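Let's take a walk through this protein together, starting with the whole and then stopping at a few single residues. Have a look at the picture first, and then read on.

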Amino acid sequence: MFIALFLILTVGVILKFVLGKKSLAVRQIPLHIIGATLLIFEVIKQTYHIYMHNWHVWFLPLHFCSFFLVWYALALCTRGKLRQLMYFCSITGGFMVSVLLFVAPRMILHDAAHDVWGSFDHFHTFFYHMGVVAYWIYLILLNVYQPDRQHIKRSILLYTAFYFVVLIGAFTFHENYTDVLHSSLAALDNFRLSAGQFAYDILLLGFGIGCIAGVSFLTYFVTSKLYQHYLNKFNKSALRIEQN
């Protein structure tokens, strides 16, 4: 994991040096490549399991890390303000996933944390999450994201809406997507058993909204400072948001 992070940062510094003064359209190219690659890999994963006759509803993209497939797809297919909102969601969620990856890797990567090449699923899991890490880091390094305070509220609404989709999927298919049915943390699961499923899911929703809100405010504050520095350094007229 640390080797992968080192490579991501090294490539990021090179990209910043090569593309840093280019137009927004050019600076977005590495992000489009990462986003398209991860989307293609997801299609390959689904196809692979269908072909191997071992596809299961667990493979449906209803996990927290599956949210990025939505953000990346919309970032590829839209322009202007909507694309920038998808970039914001990618930074906030990407930062949270990155922290968990390096603090509690087994929680995210499971067996792939120590056996990357053991199977296709292990390889896909590792590659996908490292791609998520690279995406938000390159967004910042290449000054692609253009801060907008409205993104804080909108990202919270989007994550909340996705949570309810996951909630419906979990109870429909009886699968523990995003820990909706039970928690992998003993303390939280004890709360579920004592307070009930409804109280547990409300607590999970509140905790998730709190985390997203906190990271969103932090993201806006940091990116605003960085982007203002970038605007002061380069030609402002070349860096305007694409209009729909």
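## A walk through the helices

Start with the overall make-up: the protein has 10 helices and 0 strands. If you follow the chain from one end to the other, the pattern reads α-α-α-α-α-α-α-α-α-α. Keep in mind that you are looking at a predicted model.

How does the radius of gyration of the protein fit with that of a compact globule? For 244 residues, a compact globule would come out near 18 Å, and the protein has 19 Å, so the two agree. If you'd rather think in terms of a box, the C-alpha trace spans about 60 × 40 × 35 Å along its principal axes.

Now for the inside and the outside. Of the 244 residues in the protein, 45% are buried. The accessible surface comes to about 13000 Å², and carbon and sulfur atoms hold 72% of that area. As for how the chain meets itself, take the contacts with a separation of 6 or more: 74% of them join residues that are 24 or more positions apart. Charges are worth a glance too. There are 17 positive and 10 negative ones, and the mean positions of these two groups lie 24 Å apart.

Let's zoom in on helix 3, which is where you'll find Leu38. Is Leu38 buried or exposed? Leu38 is buried, because its relative accessible area is just 1%. And what is Leu38 in contact with, once you set aside its neighbours within four places in sequence? The list is Leu69, Tyr72, Phe127, Tyr128, Gly131 and Val132. Phe127 is a nice one to trace: Leu38 and Phe127 are 89 residues apart along the chain, yet their C-alpha atoms are separated by 8.5 Å.

You can use Phe127 as a reference point for another residue, His53. These two are 74 residues apart in sequence, and from C-alpha to C-alpha they are 23 Å apart in space. His53 sits in the loop between helix 3 (29–51) and helix 4 (67–77). With a relative accessible area of 74%, His53 counts as exposed, because the cut-off for that is over 50%.

There's something else about His53, and it concerns the backbone. Most residues other than glycine have a negative phi. His53 is not a glycine, but its phi is positive, at about 60°. Thr178 is another case, with a positive phi near 50°. You'll find Thr178 in the loop between helix 8 (150–173) and helix 9 (186–195). Thr178 counts as partly exposed, since its relative accessibility is 26%.

While you're in that part of the chain, step back to helix 8 and look for Val165. This residue is partly exposed, at 45% relative accessibility. Which residue does it pair up with in the C-alpha distances? Val165 and Leu62 are 103 residues apart along the chain, and their C-alpha atoms are separated by 7.8 Å.

Last stop: the cysteines. A disulfide is a covalent bond between the sulfur atoms of two cysteines. How many disulfides are there in this model? The count comes to 0. To see why, take Cys65: the closest cysteine sulfur is in Cys211, and at 14 Å it is too far away for a bond. A disulfide would need the two sulfur atoms to be within 2.5 Å. Seen from the other side, Cys211 is in no disulfide either, with the sulfur of Cys65 as its nearest cysteine sulfur. As for their surroundings, Cys65 counts as buried at 11% relative accessibility, while Cys211 is partly exposed at 26%.

Methods: Residues numbered from 1 in each chain as written. Predicted model: local features only at pLDDT ≥ 70, side-chain atom pairs only at ≥ 80, totals over all residues. Heavy atoms only, no water. Helix = DSSP H or I, 4+ residues; strand = E, 2+ residues; numbered from the N terminus. Rg over C-alpha atoms; globule rule 2.2 N^0.38 Å. Buried < 20%, exposed > 50% of the residue type's maximum accessible area, 1.4 Å probe, protein only. Contact = heavy atoms within 4.5 Å. Areas by Shrake-Rupley, 256 points an atom, 1.4 Å probe, with all protein chains shown as cover. Lys, Arg positive; Asp, Glu negative; His and termini not counted. Charge placed at Lys NZ, Arg CZ, Asp CG, Glu CD.
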